[in-house]
Amino acid sequence: MNTERIIIHSDLNNFYASVERKLHPELCGVPVAVCGSKEERRGIVLAKSEEAKRAGVKTGDTVWQAKRKCPDIVCVPPHFDEYMKHSRLVKKIYARYTDLIEGYGIDECWLDVTKSTKIFKEFSPMYTEVEGVRYFTDAYLTFLGDTIREEVKSEIGVTVSCGVSFNKAFAKLGSDLKKPDGTSVISKLNFKSVVNGLPVEDLLLVGRATKDKLYRMGLSTIGRLAAADDNLIKTEFGKFGETLLRYARGEDNDEVKHMDDKREYKSIGNSCTYPQDVTSFERVERLLYVLAESVAARLRESGQGLADTVHLWVRFDNLSDFSVQKKVRHTALCGEIARSAFELFKANVAPPFKVRALGVTVSGFDNGTSQITLDEEFGNYKKFEALEKCVDEIRKKHGYDKVQRANVAAEPSQMRNDIKNSHLIKPANFEDRENK
């Protein structure tokens, strides 16, 4: 007899702020924002408490914007080592029930608990049968989410919201329905009544650009998207449109990865906000090399092979920003990534300019399957690759600043700026995809 899957999506509530409150109990009950360094001009809100959220504070607000919205807000610096530690402790609780645990950033996970005998022994009845198919009861599914939530709360001291469903897309959707500290069930028998009236942007993978396009097409709810003509969606969104339709119709059959599986990255990047505005092409080029060093090193460590797309993000002194990208030959070399990013900058920014922050990202990984070109085989690619790997090893053993590029030496403030190891890695498992 067929039995539906049980997928739980867990989302730690206001995670950074919750950990800060656990470390500093005097912060409980007051609006809190975890913010980057104001002195180094990284003064933006990274996370906020429920009180701050209710006052209108948003992630990405500057400190002064947050204080204008919520005058009594308390701003604290981030402690990423503590967040990583608490994330690992929470995952140990999940591992009591299943080894199918797939991370979605530091504070979210999917769990497949379909075969968890530990839970099965503690609740009855579990099933209802409809036309020869066995479905789990809503009461049982709620029990599963509540059990995990209570263990996290009592043992770790932070709260989590759980969505319980028969696939990953609806489990993720469910975890957003009751926040903070709640369990929502979207079962195979009731999902249309729960999700069809929800805004289409609540669906996994629907970011701002996709939402805007769907709204222009009159598809403002998940139900409208689910009922849309297949050819129309595929024409507008290509292969991505097939995924959107599967998710909206409850046909997502993606597996939850094993906890020991190697993480897949859709992109690898780094950004940096600078203490003073950057006003010359020469400085921009040097700073892009610093960023590209970290990106190339992370790419080599990731095991994702070579990348064929370089993305540039620029933020100006007035907080306006833009991002652009270009296709490149498959590469993992800092120099090629930096040069491509600088070409994008020169093509899109004219002097005078005042740059506040820069970001470099690579994507389009080949996972080691690209053909070796004549240039790679007989040219300088292999030589530069070996050289950069050697630099990686020296830096691991003796420190980041022991080997440095000559052009970066003209930028003393960046000689010790080990962006790779001073920024928290957060894999981008999914991202909004625009049709270019």
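**Exercise 1. Decide whether L319 is buried, partly exposed or exposed, then place this residue in the fold and describe its backbone.**

Step 1. The relative accessible area of L319 is 31%. Buried means under 20% relative accessible area, exposed over 50%, and partly exposed in between (1.4 Å probe, protein chains only). L319 is therefore partly exposed.

Step 2. L319 sits in the loop that runs between β12 (307-316) and β13 (321-331). Helices (H or I, at least four residues) and strands (E, at least two) are DSSP runs, numbered from the N terminus.

Step 3. The phi of L319 is near 75 degrees, which is positive although the residue is not glycine.

A note on the source: this is a predicted model, in which local features need pLDDT of at least 70 and side-chain atom pairs count only at pLDDT 80 or more, while totals for chains, interfaces and linings use all residues. Residues are numbered from 1 along each chain as its sequence is written, and side-chain values use heavy atoms, with hydrogens and water left out.

**Exercise 2. Give the phi of N14, its location and its burial class.**

Step 1. N14, a residue other than glycine, has a positive phi near 45 degrees.

Step 2. Its loop lies between β1 (7-12) and α1 (15-23).

Step 3. The relative accessibility of N14 is 18%, so N14 counts as buried.

**Exercise 3. Find how many disulfides the structure has, and examine C75 and C109.**

Step 1. A disulfide is a pair of cysteine sulfur atoms within 2.5 Å. Searching the whole structure gives 0 disulfides.

Step 2. For C75, the nearest cysteine sulfur belongs to C35 and is 3.9 Å away, and C75 is in no disulfide.

Step 3. C75 has 29% relative accessibility and so counts as partly exposed. C109, at 3%, counts as buried.

**Exercise 4. Locate the prolines that follow the cis peptide bonds K179 to P180 and P351 to P352.**

Step 1. Between K179 and P180 the bond is cis, with omega near -5 degrees. P180 belongs to the loop between α7 (168-175) and β10 (183-186).

Step 2. Omega is also near -5 degrees for the cis bond from P351 to P352. P352 is in the loop between α14 (334-348) and β14 (355-365).

**Exercise 5. Describe what is found at the two ends of helix α11.**

Step 1. At the N-terminal end of α11 (residues 230-237), D229 acts as a cap, with a side-chain oxygen 3.1 Å from the backbone nitrogen of N231.

Step 2. After α11 comes G238, with a positive phi near 65 degrees.

Conventions: A polar contact is a pair of N or O atoms within 3.5 Å; within protein, one must be able to donate a hydrogen and the other to accept it, and residues adjacent in sequence count only if both atoms are side-chain atoms.
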